[in-house]
Each structure stands twice: as C-alpha cells, then as structure tokens.
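Here are my notes on the structure, as promised. Have the coordinates open while you go through the points.

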Amino acid sequence: MAKKPSIAKGTRDFTPSEVVKRNYIFDIIKKNFQIFGFQPIETPSFENSDTLMGKYGEEGDRLIFKILNSGDYLRKVDDVLYNSKDSSKITSKISEKALRYDLTVPFARYVVMHQNEIDFPFKRFQIQPVWRADRPQKGRFREFFQCDADVVGSDSLLQEVEFVQLYDAVFSDLKLNGVTIKMNNRKILAGIAEVIGAKDNLIDFTVALDKLDKIGEEGVKKEMLEKGISEASIEKASPLFNLTGTNSEQLDALQTLLTASEQGAKGVEELRFIIETISALGLQTAKLAIDVTLARGLNYYTGAIFEVAAPEGVKMGSIGGGGRYDDLTGIFGLKDVSGVGISFGLDRIYLVLEELDLFPEAIDQSLKVLFMNLGEKEAFESLKLITILRKNRIKADLYPDSAKNQKQENKQFKFAKNKNVPFIVIIGEEEFKNNTFTVKNIEKGSQQTYSCDKVEEFVKEL
RNA sequence: GUGGUUGUAGCUCAGCUGGUUAGAGCGUCGGUUUGUGGUACCGAAAGUCGCCGGUUCGAACCCGGUCUUCCACCCCA
C-alpha cells in the first residue's frame, strides 16, 4: 500500500452531511444579503503580493500565505541577498503572489479598478474562502470562508443601522437566538487616548483595552504600563474599566469623559445615533450592546466597529465582525470613498449551531423514499413510480442491486436506516401481481399498501 | 512566531515501572432466522502502535527530530 494520505494543517474535508449543513448557513446568509439589496462579486483566490502586504499590520504580513514564483525563482536572488538570510527581503524576490487573507482588501482593490463602472453607493456581498498561515485551534482554520457585505460610497450612518438589522435578520433566520452585537467606535477610542494623554499609543492602548474581559482590569493596566503608557494616563482611563448600565447610560458617561475631545465627542454622537435608531426600529432576536473595550485588530477601521458574540454559554470567539473604514481605497489611490461592512464567520457559526443542535432535523436526509429491489421485474415497476415521485420533486431512489436472499434484503433495510430514509417502498411478488406497492414508514413502523394507479395518494402523505 | 498537549484496528479508547503471538466496545463482513431493518446468538477479517532516527539483549512504552491534534500566548472569522 502507498503511504497514508493526509491533508494540510488547518484544512478540512467536508462530508456530505457537513456540506449540506454549511450550505444551509450559506443560503440563509446569501438570501438576506440579497433581500438587503447587496450584489454578489467574486475576486481571485490570489492577488499580487503588494495588494495584500502591509494592509493588515506586521502580524498580518506574517500570516499571509505567499506563493512561490514559477520557474527557476532563485536565479533572481543574488549571492549577497541569499547569504543575508533576510527572509522578508528574499521573499519579495521569490514570491510575487499571495493567497487572499480576507475579502475586504481585495474588495477595495476591486472598487478602485472598477470605479468607472460602479454606481455608488455600491452594496456588494462576497462569499469565498480566505487563507491564513495561523496556528489552528478550535474554530480557527488556515482555510475558511468569509461571508462579507460592504457598502462603499456613503457616509450615512444609516448603513451602520442597516448592518445591525442584517446581523439580526441572519441570526434570527438561523434560529440562533441571543447573539450580542457589540458596537464601538474608533473615534471614541481615539478620543479616549487623546483625553488621557496617550494619543501616540493609540494602537497599544486599544489592543490592551480589548483584552479586558480576558485578563481583567489589572492585567490591562499592566500591559498598558509595559507599552509605555504613563500611570497618570491609565488612571484617567480607569472609568472605562467599570462602564456599566444601559446603552444610553454608557453613552452619557462617555460623553462626559470625552467633552474635551472633538473626535471623541463625534464618535459618541455617531454611536448614539445608531443605538437610538435601532432602539426605535427594534430587533428580532439579537441584542445590541455598547462595548468600549471592543477594538479589533484591523487598523483600517475609522468609525463604527462591530463584533458578534455567540449566545452566552457557548465557548467560541466572535462569529462575525466589521466596521467602517474611511480610507481603505485611499491605499489604492481612490480618495474620499467611505466604506462600511460586516463579515460572518461561517465555520464558527457552524460549530455554534452544531453545539446548540440548531440545524433543522431532516437537513441531512438525502433521500425521502427508497425502493427496495426484490427482483428485476419488480425493480422495473419501481422505476415507473420513482419517475413520478421525482417529477413531484421528491427525493426518491431505487436500491440498484436485486436482493437474491434474505441477507441481501436485510442489507437494503440497513442501508435505508443508515441513510435516515423515512419511507421504504416494497414491491415484491405479491405487490407486483396486484399492481400495488407497500410503503413502510420507518419512524412509525407502520405499513400501508397503495394501488400503483394512485401514486398521488402516497405523494400527499409525504 | 513562543510555550504546552495529543497521535494505538473504519470509529471511541485500554495497554501497569520497556520483556515473549498489541486488546475491548461499536462498526464492517460471514453464518443461523426461507417477504421486513433497528433487538438476539455464533464466527471472521482488520493495526509497519503518526513518521524518521537513537538508547537497549529487547520499545507502543525511554530520548531526539518531524508531522498532526487540541490548548494558552500572539492575533483573529
């Protein structure tokens, strides 16, 4: 035998049952994207490296899968560079393409390249795999799907409102009740940093703050100190650590804290508008909550920040996220196009639905009716009925091999059972003679015989 | 990228401080019951003990490397 095959770290095969369940999620997300007026686009799996590199920070660059140049790529590397062992410099010589890391940056590239054919504001959705050279963990893979919806070309905060509604609509359709849509605003974070005198440490400040629920107040303070934020600054920021109460109470507290910062005040105002509008419109099942500690790593966000947390009690990282980015297309030379978007983490949503047992019961039922095959002439009769059932859009099939004995007959029953087929149709000698067929309802264990002329009576039962 | 963890029949796992032919349950296959499965009985097949190397008279068990799994960092969907 050949060596046992294996698949690459962080990748998966999907079984028929898994694919069906994944498609169930995809379909609900896609349907809602369309209902909200988003249009689909697709972009290539790999991009030119310089489209991606430097867009996700230092950490991001490390996690981008690079594609080796074709041909004798080492010839372009001179001896000095080769001997320098400088990986990043050599990489840029031997690799000019990279696998897409997310869908947002390729979308920004798309917008810039197609700016003359796009009617703004442009609402697009995109459901495609992305790749990250991350170390896998539960719910973290090296290949996974993102389901993104973005709007570019509109500064209106109504877009943010709409995304909250979109999240609510999708998770409600998925019967995943109790998710929390957490919101924050980059301007608030910047305002806080400004007010406490840590303007130059904005990133460090937010990254540390983001860990509050994980490492606690003391841990956050310690990390901020290590990053060079002064004790006085941290002291000034301490009201943040205990920000509680309703959304509007938190907004009021923030407003007070940020009176001295024009930018911060703007952020509070924006967030207030979104919260109040949603509050007036109402949500189906999701909760909307302010979380000032929400920062998210992507440093291109400039306004609203979204993150969706799974219902309480489910141990899972965020199942969606997004935000507003004013300058994204600026990187590619198109100024003044504001964008805002959200993403659904399909693979994680799958794990959550599986854990909470929320997939529809009969979702992986590949067949509704299986016809036993008890002989050639009986099988031919079966095929006639199967044709009718299939025309009625009923998943029906015939067991292909005729049972020659009891054992083989049992095998057919077992086959049906393993496939979760709810109805078995038996046409044996008796039925063949009488021009009838017998239906066995597996769940109930009951049986009923129909005349072959009255298939519609059986169809009605399904 | 850092630290730890895991890897034994198709699946879930046993295998004590290294010692003769590596075990169980489930599943699979075969047999008994001669138009009905999921329950019962009998039997069988199936593993280079992740991979490579080392220590040893002898290694699934010890050591090193490597891959994989999961976890904590980092970061993130």
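1. Start with the open sheet: three strands in the order 2-4-3, paired antiparallel. Bear in mind that this is a predicted model. Strand 2 (46–48) and strand 3 (66–68) are the edge strands; each has a single partner strand, so one side of each has no neighbour in the sheet. From one strand to the next, the twist averages 40°.

2. Now look at how strand 2 meets strand 4 (residues 95–99). The two run antiparallel and pair over three bridges. If you want a spot to zoom in on, Asn48 sits opposite Lys97 of strand 4.

3. What lies across strand 3 and strand 4? That's helix 5 (residues 87–94), which runs at about 95° to strand 4.

4. Next, a helix pair. Helix 1 (residues 16–35) packs with helix 7 (residues 158–173) at an angle of about 145°, and the axes are 9 Å apart. The crossing of helix 1 with helix 7 is right-handed. On the helix 1 side, the contact uses Tyr24, Ile28, Ile29, Lys31, Asn32 and Phe33; helix 7 brings in Leu166, Ala169, Val170 and Asp173. Sorted by character, the residues of this contact are seven nonpolar, one polar and two charged.

5. On to charges: there are 22 salt bridges in the structure. Helix 7 turns up again here, with Glu162 bridging to Lys123 at 2.9 Å between the closest N and O atoms. Lys123 belongs to strand 5 (residues 122–131) and Glu162 to helix 7, so to speak two distant parts of the chain, 39 residues apart. Are these two residues buried or exposed? Both Lys123 and Glu162 are buried.

6. Helix 7 has another such partner. Glu160 forms a salt bridge with Arg324, and their closest N and O atoms are 2.5 Å apart. This pair also links distant parts of the chain: Arg324 is in strand 10 (residues 320–325), Glu160 is in helix 7, and 164 residues separate them. Arg324 and Glu160 are both buried.

7. For a local example, try helix 13 (residues 262–281), where Lys266 and Glu270 are four residues apart, which means about one helical turn between them. Their side chains meet in a salt bridge, N to O 3.2 Å. Lys266 is partly exposed, at 41% relative accessible area, while Glu270 counts as buried because its relative accessibility is 9%, with the cut-off for buried at under 20%.

8. Last point: Arg12, Arg22 and Asp347 are joined into one network by salt bridges that share partners.

Note on methods. Residues are numbered from 1 along each chain as its sequence is written. Chains are lettered from A and ligands numbered from 1 in the order in which they are written. This is a predicted model: local features need pLDDT of at least 70, side-chain atom pairs count only at pLDDT 80 or more; totals for chains, interfaces and linings use all residues. Side-chain values use heavy atoms; hydrogens and water are left out. Axes are lines fitted to C-alpha atoms, for helices over the stretch in contact, and angles run from 0 to 180 degrees between N-to-C directions. A crossing is left-handed if the near helix is turned anticlockwise from the far one by less than a right angle, and right-handed if clockwise. Contact means heavy atoms within 4.5 Å. Ala, Val, Leu, Ile, Met, Phe, Trp, Tyr, Cys and Pro count as nonpolar, Asp, Glu, Lys and Arg as charged, and the others, Gly among them, as polar. Two strands pair if DSSP finds at least two bridges between them. A salt bridge is a side-chain nitrogen of Lys or Arg within 4 Å of a carboxyl oxygen of Asp or Glu. Buried means under 20% relative accessible area, exposed over 50%, partly exposed in between (1.4 Å probe, protein chains only).
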